[in-house]
Amino acid sequence: MVEELRIKNGVVYDPINGVNGERREICIRDGKIVEDVMNPKVIDAEGKVVMPGGVDVHAHIAGGKVNSGRIFRPEDERRGREPKTKVCRSQSGYSVPNTFTTGYRYAKMGYTFVMEPAMPPLLARHTHEEFIDIPILDKAALPLIDNNWMTFDYVKSGDSEKLAAYIAWMIKATKGYGVKLVNPGGTDAWGWAKNQGLNDESEDWGITPAEIIRALAEANEKFEMPHAIHLHQNNLGHPGNFEMTLETYDVTEGVKASKDRSVTHLTHQQFFSYGGTSWKDFESQAKAIAEYVNKNEHVSIDTGTVILGDTTTMTADGPMEYSLYQITGRKWTNCDVELETGAGITPFLYSGKVGVHSIQWTIGLELMLLVKDPWKVALTTDHPNAGPFIGYPIVISTLMSKKRRDEVLSEIHSAVYDKSELPSIDREYDLNEIAIITRAGTAKILGLQEHGKGHLGVGADGDVAIYDISPEERDAGKIQRAFMNTKYTIKGGQIVVKDGEVVAAPEGRTFLVEPIFEDEEIYKEMLSDLETKFRDYYSVTMRNYPVQDAYTPHPYVIKAPMAK
Amino acid sequence: MTVVTDVVCPLCGSVCDDIEVEVEENKITKVIKGACAVGKSKLQGHERIKSPMIRVNGVLKECSYDEAIKKAAELLAKARRPLLYGWSSTVCEADKVGIALAEEIGGVVDNTASVCHGPSVLAIQDVGIPCCTLGQIKNRADLVIYWGSNPANAHMNHMKRYSYISKGYFLPGGKKDKKLAVVDVRETSTSKMAELFAQIEPGKDFLLFSAVRAVLMGYEDIVPDEVGGIPKEKIVTLANMIKESRFFITFFGMGVTQSRCRQNNIVNAIQTTRAGHLHTKGAIMPMRGHYNVNGFNQVCTWETGYPFAVDFSRGFAWYNPGETASTDLLGRGECDVALIIASDPASHFPADAVKHLARIPVIIIDPYHNPTTEFADIVIPSAICGIEAEGSVYRMDNVPIRVRKVVNTDYMSDEEIVERILEEVRAIKEKEGE
Amino acid sequence: MEGIKVILISGRTIAQGENLENKMSEEYFNAVAICELNEGDMARLGVSADENVKVKTDYGEVVVKAKKAKGYPEGIAFIPMGPWANALVSANTRGAGMPAYKGLDAVITKTDEAVLYITDLFRKYKEEAWKK
């Protein structure tokens, strides 16, 4: 039987196709957007907002450290629990929800794709196992390739070809999507309880983080990779780090992108836009960061906007989590991963009563309001680091309503009036811009618009979100409620959410990239170097390392040939 | 005859994955290299349960898989307080179905962690845990401490592959470049190799951790002359070994989790590691017993939010060890049906808990006869994971590894059996018009 | 006759591990239904190797074979983890979900009673189960 759907009378926001709040019909057949349908089920979206399914560019939803976060926070799991239903498995958790809940809650917000941005290669199987248990959503994961000893060796020797061969092998072996960097050099140094700044030379390897970043950006661009390198740079979360942030942006200037996108995607930049010399004179430098992004084409960013309240922080930036734990004295988990990366996890409360936290809250919003071109900036909370993803509707309503911002500003610590530009910013996002920072732009940043995500053109995936809200609505509370629970979410042509309830929970797909490295000789030499690493230093064999096909039951493969 | 390489050992939490075996006529005939004595014994096989069985008039009678599965489903579908226990010597794929089954029937699902490293989990929930993968230890740890753990007997390849005896990038000389310290109540094969051996009085671990921690934090003056039978001088030496190391690791075993103070020992052990971290780099790791005891905890956590002892009687996941762990349930005589898979609670639970198993219908899924089969009313033999069936397991350091299928079998896999039971249960409930 | 007071511990051994999946066997019985003591304690009890002893705690009692072992201080007895050791353990987990398997106060005496074979031990449990 052919499944057909027609969504009529809706007000459509489809920025990739230049559709800005027009009454349009959307037709879906066999899971894809088509011109017309013969005998469809009809949804009347009269007076409602219709957008492509949401695309999240950066949320820690699956894998070893997410699960370590769950394990050590039963108090978080006790929040938001719901019993099993005919459709849904039982639900637990707020900032680190169980996998099923993650799928349901994203779908209720109209999202259909999420990028897990930090997959330790040695633990890649774990990430994929959790993906299997996250229903509805399509997913992908970025393997961490920046603290790897193979990468270090090739950066040191300047062997860019072998480095490209290695990242090709690694992305395939982990069934990953691109190249992720987290505190390059610094996470490895954490193996000795040390850290590294952008231009510090490593004692063990004789290279700097800047060299690693540049080399990986160049290696990434040797292929037609859908996504830029995805960088969480050095020095996250420290007062005054904005200067190193700007220096980091400069590192990849001049690298030529192999596709129409940035060369470096810099993630959760809220944590990197800090002025001051200590927590005492801490201030926002979002303006300086936004100005750089406005002037340069080789970078795109996402924000990591703070949601005030309790959350669980987790990152491959081991030393950063340790310093955070030293500040709070709360529980702390760490996991160094041999030859590759690490992870740290600690709970955190962003309190509106605290000056620093209040300023942090303004920075994530400033970045979005001060970067002029919404295609260059994506809405994230770096889930769950700056707050859980279910806070997105709060952020959306805050961006759309100056009134709401003023209300919050008046309630939180008064330092925000001196240390942040936010109180003086009048800009309000419209729905078209919201559609860009939550689906169209994020799909473009990830190179997914070519693969049916982030738009509603013919041939695109039948992923649609229908929000029960008038396009003219300006009431922040109503906006927030509408974006929290869709009227309908449609995934691959199937209605998965109706009136804010999950009505179907099909399995999602895993998107994988396969870089194709052409020079067989060089590839072989790289493999021989790699075999040595496995024989002498890894704790598993090379044959047991790659993720087997069993872990991606519904793969969607994107080939990335060598760039011309 | 064929040689199969990179075989993954389905025995202990070390999950050695570099084993070579000879296979002849669909049997492992020889273990060429890689496995320890205990692993070898498992790979070469023991006597199996030949057929599914149902107890009739007190005697187990052979039957078909279909009959056994149907009967098991009937028992579970009508149970009011079912316990689904075991899940550690099988693969994650089976665990997933088991959790779904528990959710379906409102049961309690629990794994063997509740009688080995359950207290470690409770401690981690208190304070977190600074940990690392085993390769990090191999390459960097110049001080290895085994506390209440005897790897020479329980995890025989552990020192050779991952810790004291292994060579690593920064420690190319292997044990020449490393130091070993052991804390145990008795002299063991492991303690004989140690540079420092502290023979502690039973139940005094909490005190000794406190003393080492005090020295690490600069409060040497408050440590008494002797703690738990260990002279102060030795305690200071151990603390100094930690301070002077570049990377220290403490592996702890059931000597700490099962003795007096239980989870509080582990909280203190972790706090001691954090105190060491003020001077250098440190990590601490539980020596997990079964090859996939950790895997169940991982799966159960991502699927329910909690690692073990999960009670679905309220519809959502409810977790409260001390109330919802298997020993609690059996000790209170509360559960009315037990499904036991890939474990042997009759041998490993306290006698009073075992006696309750004698009172209620018991379904067991296992490749081998064991004392629990003596109590069972339904016995369902299964394929041996890692030899006859493949799937994911999680090593003690959270590294996921896929165990291989080396030979073929007619036995159904754990995953298939539990899946079939779940289907039958759903069919029964549908019929009842739930 | 007079017994001796000990602290009882349990744990894994190689022979116990080798027969983990071979529990109904003679080998497992020989590996696990034993109690290791140091020489002095053996002498105090007046038993020699392979003679039977009865071990008793607040929660139960069990008969096992005495074995002489090095490395134990006086007053510490070891029974490998398994059914015989667990006959002496309480099911009260004191809120931890975990029984106290190690560090039990026990009294050991010499006995002429036989060590129950695994099937007999569990037959006894079945009988006792309904007496309660």
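Me: How far apart do the closest C-alpha atoms of chain A and chain C lie?

Reply: Welcome! This is a predicted model, in which local features need pLDDT of at least 70 and side-chain atom pairs count only at pLDDT 80 or more, while totals for chains, interfaces and linings use all residues. Residues are numbered from 1 along each chain as its sequence is written, chains are lettered from A and ligands numbered from 1 in the order written, and side-chain values use heavy atoms, with hydrogens and water left out. No contact (heavy atoms within 4.5 Å) joins chain A and chain C, and the distance between their closest C-alpha atoms is 15 Å.

Me: Which chains share the most contacts?

Reply: There are two pairs of chains in contact. One contact takes 54 residues from chain B and 46 residues from chain C. Another takes 60 residues from chain A and 66 residues from chain B. The pair with the most contacts is chains A and B.

Me: How much area do chain A and chain B bury between them?

Reply: The size of an interface is often given as the accessible area lost when the parts come together. Here buried area is found with a 1.4 Å probe and summed over both parts. Carbon and sulfur atoms hold 49% of the area between chain A and chain B, and the total is about 5,400 Å².

Me: How many salt bridges does the rule find across the interface of chain A and chain B?

Reply: A salt bridge needs a side-chain nitrogen of Lys or Arg within 4 Å of a carboxyl oxygen of Asp or Glu. A:Asp336 and B:Lys281 form one, with their closest N and O atoms 2.9 Å apart. Across this interface, the count is seven.

Me: And how many salt bridges are there between chain B and chain C?

Reply: B:Lys42 pairs with C:Glu21 in a salt bridge whose closest N and O atoms are 3.1 Å apart. The area buried between these chains is about 4,500 Å², with 61% from carbon and sulfur atoms. Their salt bridges number three.

Me: Are α8(B) and α9(B) parallel or oblique to each other?

Reply: These helices are DSSP runs (H or I, at least four residues), numbered from the N terminus; α8 covers residues 205-216 of chain B and α9 covers residues 232-244. Their axes, lines fitted to C-alpha atoms over the stretch in contact, lie 9 Å apart at about 55°, on a scale from 0 to 180 degrees between N-to-C directions. Angles under 35 degrees count as roughly parallel, over 145 as roughly antiparallel, 65 to 115 as roughly perpendicular and the rest as oblique. The two helices are therefore oblique.

Definitions and conventions:
Buried area = accessible area lost by both parts, 1.4 Å probe.
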